[in-house]
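Visitor: I have this structure open and would like a close look at a single part, the place where two helices meet. Could you walk me through that contact, and then through what surrounds it?

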Amino acid sequence: MTAPAPRLRTRFTELFGVEHPVIQGGMQWVGRAGLVAAVAESGALGFLTALTQPTPEDLVKEILRTRDLTDQPFGVNLTILPTINPPPYAEYRQAIIESGVRIVETAGSMPAEHLEVFRPAGVKVIHKCTSVRHALKAEALGVDAVSIDGFECAGHPGEDDIPGLVLIPRATRALSIPVVASGGFADARGLVAALALGADGVNMGTRFLCTEEAPVHRRIKEQIVAATEHDTELIFRPLRNTARVARNAVSQEVVRRLDAGAEFAEVRELVAGVRGRSVYENGDPEAGIWSVGMCQGLIDDIPTVDALVSRIVAEAVDLIAGRLASAIS
């Protein structure tokens, strides 16, 4: 009889009822049923992205599609966006609760308005932060865990520019709730490092973006494999709304204009979401702005989700039980 494979148990796996301390966080246009179900089936925790769905009713349908594909736990990401016309957050929250989803990842502004609704409904909340001070505030508000984003991450790294090697142990020392390390994680070495720094798991976006099940054109995945850690750009720095995206002609033009004193209105057309969505759908990496992290320099294949998660966990166990254990004399 074959012995079961070793597992990595942490406060995160116990609290959220998953097998592995690995998260696929919310990704606009990417966090859809096929990918999320594959992540859930692998034993990790995947998140549908609520605002990828045009309406709360569409989100309910996507939750049902995910349930058709897996009976394992998964969650929904709900990001609070600074916008002139806010989405109907209350309706999205109600859709999540009525669909029976019991794990939510929040991001953006402080999650107080979400918690007031989710906590009484028995929904566990992971809030994504880019600083220890914001993580402490989220803990005080009552979130169940935080995901702490280092400067290496795709999307919004905040304005402090603190890399994970410093930010993660600062956060785990300051907080009593589980901490998920995010930004720059793509392999077993990163997972082991995060655990050593005190985290209870890792969040991976770019790495899951480059898997067979990700609903992204093959040419974009091949672009990630070919790219290095140098091939990202920080846009919106002068506006204090920094975002890390792929380096291409569009992102470089956005940086050039803003550095020259342009207002957001003068780059609005360049950064339109519809252009970024077309990158993923049509496979032209120069068509618009699209998020990718520095960890693309660590990515050299396009595996299935199951193969990726199995490999990361198995190699992490080998690292802990082998190389690290043998260093003790």
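Guide: In this predicted model, the contact is made by Leu35, Ala38, Val39 and Ser42 on the helix 2 side, and they meet Val305, Asp306 and Val309 of helix 13. Sorted by class, the residues of this contact are 5 nonpolar, 1 polar and 1 charged. Helix 2 covers residues 33-42 and helix 13 covers residues 305-326; their axes lie 9 Å apart and the angle between them is about 35°. The crossing of helix 2 past helix 13 is right-handed.

Now turn to phenylalanine 208, which touches residues from both sides of that contact. Among its partners are Leu35 and Val39, as well as Val305 and Val309. Leaving aside residues up to four places away in sequence, phenylalanine 208 also touches Val22, Ile23, Gln24, Met27, Ala214 and Leu308. Phe208 and Val146 are the residues with the most contacts inside the largest nonpolar core, a set of 75 residues. Helix 13 is the top contributor to this core, giving 7 residues. Apart from it there is a second core of 13 residues, including Phe236, Val245, Val271 and Ile289. In soluble globular proteins, nonpolar side chains tend to be buried together.

From here, let us follow the charged pairs. The structure holds 16 salt bridges, and three of them make a nice tour.

Start with glutamate 62 and arginine 65, whose closest N and O atoms are 2.5 Å apart. Both sit in helix 3 (residues 56-69), and because they are 3 residues apart, about one helical turn separates them. Glutamate 62 counts as buried because its relative accessibility is 6%, under the 20% limit. Arginine 65, at 41%, counts as partly exposed.

The next pair is arginine 93 with glutamate 113, where the side chains meet in a salt bridge at 3.2 Å, N to O. Arginine 93 belongs to helix 4 (residues 89-98) and glutamate 113 to helix 5 (residues 112-118), so this salt bridge ties together parts that are 20 residues apart in sequence. Here arginine 93 is the buried partner, with a relative accessible area of 8%, while glutamate 113 is partly exposed at 37%.

The third pair is arginine 218 and glutamate 222, with a distance of 3.6 Å from N to O. The two residues lie 4 apart in helix 10 (residues 218-226), about one turn of the helix. Both ends of this salt bridge are partly exposed: arginine 218 has a relative accessible area of 39%, and glutamate 222 one of 40%. Elsewhere, Arg207, Asp301 and Arg311 are joined into one network by salt bridges that share partners.

Helix 10 also leads us to a last stop, helix 12. Helix 12 spans residues 273-282, and its buried residues are Arg275, Gly276, Ser278, Val279 and Tyr280. These buried residues pack against helix 10, and also against helix 9 (206-209) and helix 11 (249-259). Just past the end of helix 12, glycine 283 adopts a positive phi of about 85°.

To return to where you began, keep Leu35, Val39, Val305 and Val309 on screen: they take part in the contact of helix 2 with helix 13, and phenylalanine 208 touches each of them.

Key. Residues are numbered from 1 along each chain as its sequence is written. This is a predicted model: local features need pLDDT of at least 70, side-chain atom pairs count only at pLDDT 80 or more; totals for chains, interfaces and linings use all residues. Side-chain values use heavy atoms; hydrogens and water are left out. Axes are lines fitted to C-alpha atoms, for helices over the stretch in contact, and angles run from 0 to 180 degrees between N-to-C directions. A crossing is left-handed if the near helix is turned anticlockwise from the far one by less than a right angle, and right-handed if clockwise. Contact means heavy atoms within 4.5 Å. Ala, Val, Leu, Ile, Met, Phe, Trp, Tyr, Cys and Pro count as nonpolar, Asp, Glu, Lys and Arg as charged, and the others, Gly among them, as polar. A nonpolar core is a set of buried Ala, Val, Leu, Ile, Met, Phe, Trp, Tyr and Cys residues joined through side-chain atoms within 4.5 Å. Buried means under 20% relative accessible area, exposed over 50%, partly exposed in between (1.4 Å probe, protein chains only). A salt bridge is a side-chain nitrogen of Lys or Arg within 4 Å of a carboxyl oxygen of Asp or Glu.
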